[in-house]
Amino acid sequence: MEDFDYSTVDKQFRPNHLREYISNNPGLSQKDINQNIEDIWTGTEFPETNIETWDWLFNRYEPAHNLTDPITIYRGTSPFNKRMWSWTTDKNVALWFAKRN
């Protein structure tokens, strides 16, 4: 997916940029689609501002592995940020999100 360059796009607009790119390039491999969704998701701030776009992207994502055992995930939030999206498998990261303003 060499043509997809989001480095100059503000983080909040990257999901929409990726959606447009996937829509306009139907021959993309599933591996490329997955990798770019993962890259954009982990680098996005305030993903809740693009819920419709994330729903569209996640419906095109195909996990490489099926989970056979449950995993523990944490969500760090505060009353101010209770509607924000942030999950992690690292309890310390969740605590950091819970304490930030």
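**Figure 1. The whole chain, end to end.** How many helices and how many strands make up the secondary structure of the chain? This predicted model comes to 4 helices and 0 strands. Walk along the sequence and you get the pattern α-α-α-α. Along the principal axes, the C-alpha atoms fit a box of roughly 40 × 35 × 20 Å. The chain has 101 residues, and 27% of them are buried. Its accessible surface adds up to about 7,600 Å², with 49% of that belonging to carbon and sulfur atoms. As for contacts between residues at least 6 apart in sequence, 44% of them join residues at least 24 apart.

**Figure 2. A look into the largest nonpolar core.** Which residues make up the largest nonpolar core? There are 11 of them: Phe4, Tyr6, Leu18, Tyr21, Ile22, Ile33, Ile37, Ile40, Trp54, Trp56 and Leu57. Three helices each chip in at least two residues of this core, namely H1 (14-24), H2 (30-43) and H3 (51-58).

**Figure 3. Helix H1 and its two sides.** Start with what is tucked away: Arg14, Pro15, Leu18, Tyr21 and Ile22 are the buried residues of H1. Why do these residues line one face of the helix? Looking down the axis of H1, they fall within an arc of 125°, so they line one face. That buried set packs against H2 and H3. Swing over to the other side of H1 and you meet Glu20 and Asn24, which are exposed. Leu18, Tyr21 and Ile22 should look familiar, as they are also listed in the largest nonpolar core.

**Figure 4. Helix H3 and what covers it.** Here the buried residues are Thr53, Trp54, Trp56 and Leu57. Seen down the axis of H3, these buried residues stay within an arc of 160°, so they too line one face of their helix. What covers them? The cover includes H1 and H2. Trp54, Trp56 and Leu57 turn up in the largest nonpolar core as well.

**Figure 5. Glu38, a stop on helix H2.** Glu38 sits in helix H2. Is Glu38 buried, exposed or partly exposed? Its relative accessibility is 33%, so Glu38 counts as partly exposed, since that label covers values between 20% and 50%. For a sense of distance, pick out Pro70, which is 32 residues from Glu38 along the chain. The C-alpha atoms of Glu38 and Pro70 are separated by 20 Å.

**Figure 6. A nonpolar patch on the surface.** Not every nonpolar residue is hidden: Leu67, Ile71, Ile73 and Trp87 form a patch on the surface. How much accessible area do these four have together? The figure is about 460 Å². Zoom in on Leu67, and you are in the loop between H3 and helix H4 (91-99). Leu67 counts as exposed because its relative accessibility is 66%, and exposed means over 50%.

**Figure 7. Phe80, out in a loop.** Where is Phe80? Look in the loop between H3 and H4. With a relative accessibility of 69%, Phe80 counts as exposed. Now find Ala98, which is 18 residues away from Phe80 along the chain. The C-alpha atoms of Phe80 and Ala98 are separated by 9.7 Å.

Definitions and conventions: Residues are numbered from 1 along each chain as its sequence is written. This is a predicted model: local features need pLDDT of at least 70, side-chain atom pairs count only at pLDDT 80 or more; totals for chains, interfaces and linings use all residues. Side-chain values use heavy atoms; hydrogens and water are left out. A nonpolar core is a set of buried Ala, Val, Leu, Ile, Met, Phe, Trp, Tyr and Cys residues joined through side-chain atoms within 4.5 Å. Buried means under 20% relative accessible area, exposed over 50%, partly exposed in between (1.4 Å probe, protein chains only). Patches are made of residues with over 30% relative accessible area and no salt bridge: like charges are joined within 9 Å, nonpolar side chains (Val, Leu, Ile, Met, Phe, Trp, Tyr) within 5 Å. Accessible areas come from the Shrake-Rupley method with a 1.4 Å probe; for residues, only the protein chains shown count as cover. A salt bridge is a side-chain nitrogen of Lys or Arg within 4 Å of a carboxyl oxygen of Asp or Glu. The arc is that of the directions from the helix axis to the C-beta atoms. Contact means heavy atoms within 4.5 Å.
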